[in-house]
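Please find below a note on the model under discussion, arranged as numbered points. The sequence and structure come first, and the remarks follow.

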Amino acid sequence: MNDGYFLKILDSQKNVLWDIEQHDMACCEDMMQTIRADMERLRDSGGSFVSHEYHMYSSQMLVGYAEIMYYTPYYMNENAFQFMDSLNIILPLTGIVSVLAAVFTGILFARRITAPIHDVIWHTQKIAEGDFSSPDENSVNSAELYELSRAVTTMSETLERQEKLSTRLTGDVAHELRTPLTNIASHLEMMCEGIWEPTPERLTGCYEEIQRISGLVDDMEKLHRIDAEQLILNKTVFGIKPLIENTVSLFENETAAKGLTVSINCGDITVCADHDRIAQVVTNLLSNAVKYSEKGGHIHIIAEMLTILSD
């Protein structure tokens, strides 16, 4: 009865064997009144008492019935209601605290993830401004962000190297152009002022310097075309010696004019490369050799296969 259950036992013929109301009618009535009063006072549930009958079997034979009366839709004592009220307060507070903790943790993780990204963005902007310092890869705490930081570092190193090469190339070109231009200017100035006679030899010297400048400009144009074309190689298998012999034959007039002799020391070497590019390399080397050799000199061309031993 303290839990709100009132029991009645009947036999198979539904004759009452034991009934809580008959056993202690006064106490039973008082308890039912107390339950009604408590539920109306605590929750005003508008409930009532109902009975439910259960069959009792022994060896698969019906031997009787148990009829239980209880308060519906539910019954709880005051302690239970206090516990429920506490839960109703604690659970929302727990939910709010959990949400706040989740938000705070999410912000911490987001900052931890985005901080290296902001660092990479900052260094990328610095690279755009010409500062090629690399980001600190040790501050990155994930493989993906490490790869991103490493890619930016590689890009920075490549750009810095290209910047140095560009600066060096500009200085070399300026140096190469300054000498012939100075020679031409000084010769022309002397001839314009009447100090020197404009003899064919002096005019030829100025013409050769102009040709040298023109060659430098052609080299710059070739470099520009190579960069624009991304240097796509058309590789074929060919012999080096026939290529060198053919290139030497193209310089017969130049070598004859300066009285130069040319010898070739090349075995039966076959390579897989871009024929036109290799021919261009040999042509440039031979052109420089002819240009800077003394009259009556000798040009010796050696081509041999090198074996590179790796660790």
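1. Is C27 buried, partly exposed or exposed? The model is a predicted one, and in it C27 has a relative accessibility of 31%. C27 therefore counts as partly exposed, since that class lies between the 20% limit for buried and the 50% limit for exposed. C272, in contrast, has a relative accessible area of 51% and is therefore exposed, the limit being over 50%. On the matter of cysteine pairing, a search of the whole structure returns 0 disulfides.

2. The sheet around β4 deserves attention. Strand β4 covers residues 61–72 and pairs with strand β1, residues 5–11, in the antiparallel sense over 7 bridges. Strand β3, residues 48–58, also pairs with β4 in the antiparallel sense, here over 11 bridges. Individual bridge partners can be named for the register. F6 has M69 as its bridge partner in β4, and V50 has Y70. H55 stands opposite Y65 in the same strand, β4.

3. The turn between β3 and β4 may be checked next. The hairpin formed by these two strands has 2 residues between them, and S59 takes a positive phi near 55 degrees there. S59 is a residue other than glycine, and its phi is positive. Its place is in the loop between β3 and β4. With a relative accessible area of 73%, S59 is above the 50% limit and therefore counts as exposed.

4. A second positive phi merits a look. K14, also a residue other than glycine, has phi near 65 degrees. K14 is found in the loop between β1 and β2, the latter comprising residues 16–19. The relative accessibility of K14 is 44%, so this residue counts as partly exposed.

5. M69 is a useful residue for inspecting the packing of the sheet. M69 lies in strand β4 and is buried, because its relative accessible area of 14% is under the 20% limit. Leaving aside neighbours within four places in sequence, M69 is in contact with G4, Y5, F6, E21, M32, F49, V50 and S51. Among these contacts is F6, the residue whose bridge partner in β4 is M69. The C-alpha atoms of M69 and H52 are separated by 6.4 Å, although the two residues are 17 residues apart along the chain.

6. The nonpolar cores come next. In soluble globular proteins, nonpolar side chains tend to be buried together. The largest nonpolar core of this model has 17 residues, of which I240, I244, L286, V290, I299 and I301 touch the most other members. Two or more residues of this core come from each of α6 (240–250), α8 (275–292) and β8 (298–303). Apart from this core lies another, of 11 residues, including I35, M39, F49 and Y71.

7. Two residues illustrate the surroundings of V290. With residues up to four places away in sequence not counted, I299 touches L260, T261, V262, S263, L286, A289, V290 and S293. On the same basis of counting, T255 touches L260, V262 and V290. T255 is found in helix α7. At 10% relative accessibility, T255 falls under the 20% limit and so counts as buried.

8. Which elements give two or more residues to the lining of the largest pocket? This pocket has a volume of about 1100 Å³. Of the 28 residues that line the pocket, R212, G215, S287, N288 and K291 are the closest to its centre. The elements in question are α4 (143–192), α5 (200–229), α7 (252–258) and α8. The largest share of the lining, 14 residues, comes from α5. Helix α8 thus appears in two lists, as it gives two or more residues to the lining of the largest pocket and two or more to the largest nonpolar core.

Notes: Residues numbered from 1 in each chain as written. Predicted model: local features only at pLDDT ≥ 70, side-chain atom pairs only at ≥ 80, totals over all residues. Heavy atoms only, no water. Pairing = 2+ DSSP bridges. Helix = DSSP H or I, 4+ residues; strand = E, 2+ residues; numbered from the N terminus. Disulfide = S-S within 2.5 Å. Buried < 20%, exposed > 50% of the residue type's maximum accessible area, 1.4 Å probe, protein only. Core = buried A, V, L, I, M, F, W, Y, C linked by side-chain atoms within 4.5 Å. Contact = heavy atoms within 4.5 Å. 1 Å grid on protein atoms, 1.4 Å probe; cavity = no way out; pocket = protein on both sides within 12 Å on 5 of 7 lines; lining within 4 Å. Points joined across faces, edges and corners; volume = space filled by probe spheres on them.
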